[in-house]
Amino acid sequence: MKKRRLGKMRTQRASGFTLIEVMIAMAILAFGLLGLAVLQLHALQQSAAGRHTTQASLVARTFLEQTHRLPWSALGSAVDTWTPPGWGGATSSVSTQIATPDGGLSSEKTYDIEWRVSEVGVAGCLRVVEVRVRWPEAKVTALKESTLATRRYNWGATGC
């Protein structure tokens, strides 16, 4: 038989967590989730900025390809100065649109387009054509820009 001591009964601690331990764990979890939420918002903003840069590059490339179809004489209208494109139907700005939840379209971003032509050499046979696209970006004070360039050679001129 086991003897029991009445005066010295061992108290057993209940298993589980105390309220303070649970509150500390919840506070740590809350700060961690808050950090993840901030990172997610930052990732969304950077994704939008990257999308705008890609769209601007596509707009610049489209306009640069249009300059290859222009006659040599039309390139003289933008020599050494940034000007809006003035050739057949070209506009000085392009707006991109996004789909809305109701099935409509909404304007997302407007890109301003300019071009410049520079003479290379003295013979007048080679020109550099640049297309610059600018747009405002959220939380950035200066306009963002993307510039693409190509060269055009005057194949039909004498002496070239």
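**Entry 1. Overall layout**

I read the protein along its sequence and noted the pattern α-β-β-β-β. I recorded that the model is a predicted one. The secondary structure comes to one helix and four strands.

I next looked up the overall dimensions. The C-alpha trace spans about 125 × 40 × 30 Å along its principal axes. I found a radius of gyration of 33 Å, whereas a compact globule of 160 residues would have one near 15 Å. I noted that 24% of the 160 residues are buried. The accessible surface comes to about 11800 Å², and carbon and sulfur atoms account for 60% of it. I also looked at contacts between residues at least 6 apart in sequence; 51% of these join residues at least 24 apart.

**Entry 2. Helix H1**

I turned to helix H1, which covers residues 19–68. The helix has 50 residues and reaches 74 Å from its first C-alpha to its last, close to the 74 Å expected at 1.5 Å a residue.

Which residues of H1 are buried? I listed Ala48, Ala49, His52, Gln55, Ala56, Val59, Ala60, Phe63, Leu64 and Thr67. I then asked what covers the buried residues of H1. The cover includes strand E1 (93–99) together with E2, E3 and E4.

I examined one of these helix residues, glutamine 55, separately. Glutamine 55 has 18% relative accessibility, and it therefore counts as buried, the cut-off being under 20%. Leaving aside residues up to four places away in sequence, I found that glutamine 55 touches Thr96, Glu108 and Tyr111.

**Entry 3. Strand pairing**

I followed the strands in order. E1 and E2 pair in the antiparallel sense over seven bridges. Within this pair, alanine 99 stands opposite leucine 105 in E2. The two strands form a hairpin with five residues between them, and glycine 103 in the turn has a positive phi of about 95°.

Strand E2 (residues 105–120) runs antiparallel to E3, and nine bridges join the two. I noted two facing pairs here: valine 117 stands opposite valine 129 in E3, and aspartate 112 stands opposite arginine 134 in E3. The hairpin of E2 and E3 has five residues between the strands, and in it glycine 121 takes a positive phi near 80°.

How many bridges join E3 and strand E4 (residues 144–153)? I counted 10 bridges, with the strands paired in the antiparallel sense. Arginine 132 has threonine 147 in E4 as its bridge partner.

**Entry 4. Strand E3 and glutamate 130**

I asked why strand E3 (residues 126–135) is described as largely enclosed by the rest of the structure. Eight of its 10 residues are buried, and that is why the description applies.

Glutamate 130 has its place in strand E3. I checked whether this residue is buried or exposed. Glutamate 130 counts as buried because its relative accessibility is 15%. Not counting residues up to four places away in sequence, glutamate 130 touches Trp82, Glu114, Trp115, Arg116, Ser118, Thr147, Leu148 and Ala149.

**Entry 5. Glutamate 114**

Glu114 appears among the contacts of glutamate 130, and I looked it up next. Glutamate 114 is found in strand E2. With a relative accessible area of 22%, glutamate 114 is partly exposed. Apart from residues up to four places away in sequence, I found that glutamate 114 touches Trp82, Thr83, Pro84, Pro85, Glu130, Val131 and Arg132. I also noted that glutamate 114 and threonine 81 are 33 residues apart in sequence and 9.3 Å apart in space, C-alpha to C-alpha.

**Entry 6. The nonpolar core**

Finally, I looked up the largest nonpolar core, which has 19 residues. Which residues have the most contacts inside this core? They are Phe63, Leu75, Trp115, Val131 and Val133. The elements that give two or more residues to the core are H1, E2 and E3. H1 gives the most, with five residues.

I chose leucine 75 from the core for a closer look. Not counting residues up to four places away in sequence, leucine 75 touches Thr67, Leu70, Trp115, Val117, Arg127, Val129 and Arg152. Among these contacts, I noted that Val117 and Val129 stand opposite each other in the pairing of strands.

Note on methods. Residues numbered from 1 in each chain as written. Predicted model: local features only at pLDDT ≥ 70, side-chain atom pairs only at ≥ 80, totals over all residues. Heavy atoms only, no water. Buried < 20%, exposed > 50% of the residue type's maximum accessible area, 1.4 Å probe, protein only. Pairing = 2+ DSSP bridges. Contact = heavy atoms within 4.5 Å. Core = buried A, V, L, I, M, F, W, Y, C linked by side-chain atoms within 4.5 Å. Expected span 1.5 Å × (residues − 1). Rg over C-alpha atoms; globule rule 2.2 N^0.38 Å. Areas by Shrake-Rupley, 256 points an atom, 1.4 Å probe, with all protein chains shown as cover.
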